[in-house]
Amino acid sequence: MQTVAVPKWIAEWRVMRTIDLFCGAGGLGEGFRQAGFSAAYANDHEAPAIATYTVNHPNAVCSSDAIETVGPKKIREQLGVARGEIDVVMGGPPCQGFSTY
């Protein structure tokens with residue numbers, strides 16, 4: 001049997017992590033999860049949405065803090081990551097304008 005060297009880029013590969021702002025129940029984050037990403041942090045001001053996100057993405061740090069009080073340093077501290085270690089920051093479009101209550 002022949003041994004094949006693993007390319008350096010594969011050996012150094014890691015799961016890419018996301019921050020999901022205005023996340024709702026996590027639909028956008030779910031699409032990223034299915035593409036191989038891992039949800040690290042999520043924020044939405046609606047408590048029921050965060051409760052659902054937590055079920056859908058149990059490894060993410062979830063927050064319903066006012067977005068005005070959430071900054072990069074605070075998120076990095078909560079996650080224990082350094083600047084540049086988050087791969088994607090996404091923001092969900094508002095559903096309210098397209099929904100009927």
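User: Before we start, what does "buried" mean here?

Analyst: Buried means under 20% relative accessible area, and exposed means over 50%, with partly exposed in between. Keep in mind that this is a predicted model. Take Ser 63 in strand S3: its relative accessibility is 6%, so Ser 63 counts as buried.

User: Which residues does Ser 63 touch, leaving out those up to four places away in sequence?

Analyst: Ser 63 touches Tyr 41, Ala 42, Asn 43, Asp 44 and Ile 50.

User: And Leu 79, is that residue buried or partly exposed?

Analyst: Leu 79 has 21% relative accessibility, and because buried requires under 20%, Leu 79 counts as partly exposed. Leu 79 belongs to helix H4, residues 72-79. Beyond neighbours within four places in sequence, its contacts are Ala 40, Tyr 41, Val 61 and Ile 86. Tyr 41 is 38 residues away in sequence, yet the C-alpha atoms of the pair are 7.7 Å apart.

User: How should I read the sheet?

Analyst: In general, strands of a sheet pair through backbone hydrogen bonds, either parallel or antiparallel. Here 4 strands form an open sheet with parallel pairing, in the order S3-S2-S1-S4. Strand S3 (61-63) and strand S4 (88-91) are the edge strands, each pairing on one side only. On average, neighbouring strands are turned by 20 degrees against each other, direction ignored.

User: How many bridges join S1 to S4?

Analyst: There are 4 bridges between strand S1 (residues 17-21) and S4, and the two run parallel. Within this part of the sheet, Ile 19 stands opposite Val 89 in S4.

User: Which strands do helices H2 and H4 lie across?

Analyst: Helix H2 (residues 27-34) lies across S1 and S4, at about 145 degrees to S4. H4, the helix that holds Leu 79, lies across S1, strand S2 (38-43) and S3, at about 130 degrees to S2.

User: What about the nonpolar cores?

Analyst: The general idea is that in soluble globular proteins, nonpolar side chains tend to be buried together. In this model the largest nonpolar core has 6 residues: Cys 23, Ala 39, Ala 42, Ile 50, Tyr 53 and Ala 60. S2 and helix H3 (47-56) each supply at least two residues of this core. A second, separate core of 5 residues includes Ile 19, Leu 21, Tyr 41 and Ile 75.

User: Which residues are in contact with Ala 60, leaving aside neighbours within four places in sequence?

Analyst: Ala 60 is in contact with Ala 39, Ala 40, Tyr 41 and Tyr 53. Among them, Ala 39 and Tyr 53 belong to the largest core along with Ala 60, while Tyr 41 sits in the second core.

Terms used:
Residues numbered from 1 in each chain as written. Predicted model: local features only at pLDDT ≥ 70, side-chain atom pairs only at ≥ 80, totals over all residues. Heavy atoms only, no water. Buried < 20%, exposed > 50% of the residue type's maximum accessible area, 1.4 Å probe, protein only. Contact = heavy atoms within 4.5 Å. Pairing = 2+ DSSP bridges. Axes fitted to C-alpha atoms, helices over the stretch in contact; angles between N-to-C directions. Core = buried A, V, L, I, M, F, W, Y, C linked by side-chain atoms within 4.5 Å.
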